[in-house]
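The following exercises concern one protein model. Each task is followed by a solution in steps.

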Amino acid sequence: MCGCLHSTPDQALRLEGDPSPSAAPASTLAPRKMRKSISISKQLASIKALRKCSDLEKAIATAALIFRNSSEPDGKLGKAAAKNLLQTQFRNFTEGQETKPRYKVLLSELDKHTETKLDFEDFMILLLSITIMSDLLQNIWSVKIM
């Protein structure tokens, strides 16, 4: 939900032309019938509730769409797909982390994950954990804003 005047939790990821809320799947993170070849920017533009939202809300919506587009029909992400996303969509945050003990621990936890797949919550925790330890975040913190 983006906090826009007329948005509801169910509208956050519903696209224009999608079925009514009663016909929509119970989980807003469940895969939809949207073709994966549609760019993320076009997918975001098609979500009416995001048109007046903040950059942070759009960033989270982008992460949710990338997760959904990469997830399996059950709405979860396989370990191989998660690692692929880290390498292809998150590489600027993961570069240079390979030798750091905390990064190695995170990836080994991903390998030992009790389930064979990650849900959206687990995936976001993984992204945030990598972000916090990344060199790129340190560069971001050092940017002068005034």
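**Exercise 1.** Determine whether Phe67 is buried or exposed in this predicted model.

Solution. The relative accessibility of Phe67 is 0%. Burial requires a relative accessible area under 20%. Phe67 therefore counts as buried.

**Exercise 2.** Classify the ring pair of Phe67 and Phe120, and locate both residues in the chain.

Solution. A pair of aromatic rings is described by the distance of the centres and the angle of the planes. For Phe67 and Phe120, the ring centres lie 5.3 Å apart and the planes meet at 70°. Planes over 60 degrees apart count as edge-to-face, and the pair is therefore edge-to-face. Phe67 belongs to helix H2 (residues 55-70) and Phe120 to helix H6; with these positions 53 residues apart, the pair links distant parts of the chain. Phe120 has a relative accessible area of 15% and is buried.

**Exercise 3.** Classify the ring pair of Phe67 and Phe123, and state what the pair ties together.

Solution. The centres of these two rings are 5.5 Å apart, with the planes at 40°. An angle that is neither under 30 degrees nor over 60 counts as tilted, so the pair of Phe67 and Phe123 is tilted. Because Phe67 lies in helix H2 and Phe123 in helix H6, the pair ties together parts that are 56 residues apart in sequence. Phe123, with a relative accessible area of 3%, is buried.

**Exercise 4.** How many aromatic pairs does a search of the whole structure find, and which residues form one aromatic cluster?

Solution. The search yields three aromatic pairs. Phe67, Phe120 and Phe123 form one aromatic cluster.

**Exercise 5.** Describe the packing of helix H5 and helix H6.

Solution. Two packed helices are described by the angle between their axes and the distance between the axes. H5 (residues 101-112) and H6 (residues 120-133) pack at an angle of about 170°, and their axes are 10 Å apart. Angles over 145 degrees count as roughly antiparallel, so H5 is roughly antiparallel to H6. On the H5 side, the contact is made by Arg102, Tyr103, Leu106 and Leu110; H6 contributes Leu126, Ser129, Ile130, Ile132 and Met133. By character, the residues of this contact comprise seven nonpolar, one polar and one charged.

Note on methods
Residues numbered from 1 in each chain as written. Predicted model: local features only at pLDDT ≥ 70, side-chain atom pairs only at ≥ 80, totals over all residues. Heavy atoms only, no water. Axes fitted to C-alpha atoms, helices over the stretch in contact; angles between N-to-C directions. Helix = DSSP H or I, 4+ residues; strand = E, 2+ residues; numbered from the N terminus. Parallel < 35°, antiparallel > 145°, perpendicular 65-115°, else oblique. Contact = heavy atoms within 4.5 Å. Nonpolar A, V, L, I, M, F, W, Y, C, P; charged D, E, K, R; others polar. Phe/Tyr/Trp six-rings, centres within 6.5 Å; stacked < 30°, edge-to-face > 60°. Buried < 20%, exposed > 50% of the residue type's maximum accessible area, 1.4 Å probe, protein only.
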